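Here are some notes from my read through this chain, written as numbered points. I hope they are handy while you have the structure open.

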Amino acid sequence: LGQGVVRLIASTSGINGLLVRALPEFNRANRAIQVQVREGERDDQMLAIARGEIDLGLCRQPPVVPEGWAFHTLLEDRFVVACAADHPLARRRNLDLTDLAGQTWLPSPAGSAARVYFDAMFATAAEEVRICQVITRTLALTWVLLRRQPLLTVVPYCVVAHLVDIGELAVLKMRDAMPLEPIGLMSAIEPAGIATGRLTEFLVQFTGKPRTRDRGAGKPHR
């Protein structure tokens, strides 16, 4: 017999940074729990919470947490410069912007956090940045372009971590840190059902983060 259903909405970073590793293990240990996963970024998650459509959200911390909900940090993250494992820069260390300026870049779509960071990186560049004339939100196409051409892209590490682990992509070793907000779990403050509670505790234990409520829990969503 089933033990319940968990309705989970997760960002691209949350899916690739955590769920691709955690959910198969959770499913093996909890065959009777059905996890319904849909992809959506922070604004989509806020709307889903307001409509009562989800039990858990996996995203970066919102400026204001919805009333009756709490945010718990699970994964630290950072921006990285990703490329094919055989890219000429992949084995070099201590790189900076002068090393990257002459490269060809695969940009993220306008308005994305990665694109904003990329534009800021080269805002004062002395030379024009070379851009690949393909812009897409489709990750599968992005990975194929990176593997088949000598391109670089700025992306959250959580998005590419599983591909770096298996050698499909590489992350350049930059001299300076490229900070980014962590990823965490949004859940209702009221006691959850058995299935939701079990998945929540599993994700907390999987990432090794103590179960504490982050500041902002319960503030009204405006």
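1. A word on labels before we start: helices are DSSP runs of H or I with at least four residues, strands are runs of E with at least two, and both are numbered from the N terminus. Please also keep in mind that this is a predicted model. With those labels, the chain has seven helices and nine strands.

2. Overall dimensions. The C-alpha trace spans about 60 × 40 × 30 Å along its principal axes. The radius of gyration is 19 Å, which agrees with the value near 17 Å for a compact globule of 222 residues. Buried residues make up 48% of the 222 in the chain. Looking at contacts with a separation of 6 or more, 80% join residues 24 or more positions apart.

3. Surface and charge. About 11800 Å² of the chain is exposed, and 51% of that comes from carbon and sulfur atoms. There are 26 positive and 23 negative charges, and their mean positions lie 3 Å apart.

4. Helix α7. This helix covers residues 194-207, 14 residues in total, and runs 20 Å from its first C-alpha to its last, close to the 20 Å expected at 1.5 Å a residue. Its buried residues are Ala-195, Thr-196, Leu-199, Thr-200, Phe-202, Leu-203, Val-204 and Thr-207. When you look at how these positions are spaced, it helps to recall that an α-helix has 3.6 residues a turn, so residues three or four places apart point the same way. The buried residues of α7 pack against five strands and a helix that you can pick out in turn: β1 (4-10), β2 (33-39), β3 (56-60), β4 (69-84) and β9 (179-188), together with α1 (12-29). Just after the helix, Gly-208 has a positive phi of about 75 degrees.

5. Leu-199, a residue to click on. This leucine lies in α7. Is Leu-199 buried or exposed? Its relative accessibility is 0%, and the cut-off for buried is under 20%, so Leu-199 counts as buried. Leaving aside neighbours within four places in sequence, Leu-199 is in contact with Val-6, Leu-8, Leu-23, Phe-26, Val-35 and Leu-56. One of these partners, Leu-23, is 176 residues away in sequence, yet the two C-alpha atoms are 9.1 Å apart.

6. Helix α6. In this helix (residues 157-165), the buried residues are Cys-158, Val-159, Val-160, Ala-161 and Leu-163. Their cover includes the helices α1 and α5 (139-148), along with the strands β4, β7 (151-156), β8 (169-171) and β9. A glycine with positive phi follows here too: Gly-167, just after α6, at about 80 degrees.

7. Leu-141 in α5. Here is a leucine in a helix, α5, that is partly exposed, at 39% relative accessibility. Not counting residues up to four places away in sequence, Leu-141 touches Val-134 and Thr-136. You may also like to check the distance to Glu-127: that residue is 14 positions away along the chain, and the C-alpha atoms are separated by 28 Å.

8. Glu-39 in β2. This glutamate sits in strand β2. With a relative accessible area of 52%, and the cut-off for exposed being over 50%, Glu-39 counts as exposed. Beyond its neighbours up to four places away in sequence, Glu-39 still touches Ile-9, Ala-10, Thr-12 and Ile-15. Its C-alpha is 9.1 Å from that of Gly-14, 25 residues apart in sequence.

9. Glu-53. You will find this glutamate in the loop between α2 (42-50) and β3. Glu-53 is partly exposed, with a relative accessible area of 28%. Setting aside residues up to four places away, Glu-53 touches Arg-7, Arg-38 and Ala-48. Across 45 residues of sequence, the C-alpha atoms of Glu-53 and Leu-8 are 9.1 Å apart.

10. Asn-94, a backbone angle to inspect. Which residue other than glycine has a positive phi near 55 degrees? That is Asn-94, placed in the loop between β4 and α3 (97-100). Asn-94 is partly exposed, with 44% relative accessibility.

Terms used: Residues numbered from 1 in each chain as written. Predicted model: local features only at pLDDT ≥ 70, side-chain atom pairs only at ≥ 80, totals over all residues. Heavy atoms only, no water. Rg over C-alpha atoms; globule rule 2.2 N^0.38 Å. Buried < 20%, exposed > 50% of the residue type's maximum accessible area, 1.4 Å probe, protein only. Contact = heavy atoms within 4.5 Å. Areas by Shrake-Rupley, 256 points an atom, 1.4 Å probe, with all protein chains shown as cover. Lys, Arg positive; Asp, Glu negative; His and termini not counted. Charge placed at Lys NZ, Arg CZ, Asp CG, Glu CD. Expected span 1.5 Å × (residues − 1).
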